[in-house]
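Let us take a walk through the aromatic rings of this structure. Have the sequence and the model open as you read.

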Amino acid sequence: MKSPKVKKEKADRPQYEETEKTYEELVANVNDIAQPLASRKLSKKLYKCVKKAAKVKQIRRGVKEVQKFINKGEKGIVVLAGDTLPIDVYSHLPVLCEDNNLPYAYIPSKMDLGAAAGSKRPTCVIMIKPHEDYQEAYTDCLDEVQSLNLPV
């Protein structure tokens, strides 16, 4: 007779504590090109706006998709993650945004950006398109992102 298989309990596996990093800890890992960097308050507003936009499918996610729609002339706020390595992956996007008069801002964490978009994967670039369902949050974010000082 075969002996029944015994399932291993979760207690046998090492537990990894997922502690949320503070804004200052995240900013310490940001790239050199991450200018203009959103403040803690603006980052939270942008995350909320991304969440609302993702619910009504009004976001563009990823370098290829965002680049394609910038070139097609689509309007919106471009949110870039500041901790993406290597920086060559998306270093051309701020130039594209400036050429097309699109507002853009860096936030400290690609993990948080991916989570806000409703994805389990980290995301380094997202474009938030305007929509009437979250118009107030969008215009609020748009005004603050446009008021950030662009690097020279």
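Tyr106 is a good place to begin: its relative accessible area is 1%, so this residue is buried (under 20% relative accessible area, with exposed over 50% and partly exposed in between, using a 1.4 Å probe and protein chains only). This is a predicted model, in which local features need pLDDT of at least 70 and side-chain atom pairs count only at pLDDT 80 or more, while totals for chains, interfaces and linings use all residues. Residues are numbered from 1 along each chain as its sequence is written, and side-chain values use heavy atoms, leaving out hydrogens and water.

Now look at the neighbouring ring of Tyr104. The centres of the Tyr104 and Tyr106 rings are 6.4 Å apart and their planes stand at 80°, so this pair is edge-to-face. For Phe, Tyr and Trp (its six-membered ring), rings pair if their centres lie within 6.5 Å; planes under 30 degrees apart are stacked, over 60 edge-to-face, and the rest tilted. Tyr104 is buried too, at 3% relative accessible area.

How many aromatic pairs does a search of the whole structure find? There are two. In the pair of Tyr90 and Tyr106, the ring centres are 6.2 Å apart and the planes at 80°, so these rings also meet edge-to-face. Tyr90 has 0% relative accessibility and therefore counts as buried. Together, Tyr90, Tyr104 and Tyr106 make up one aromatic cluster.
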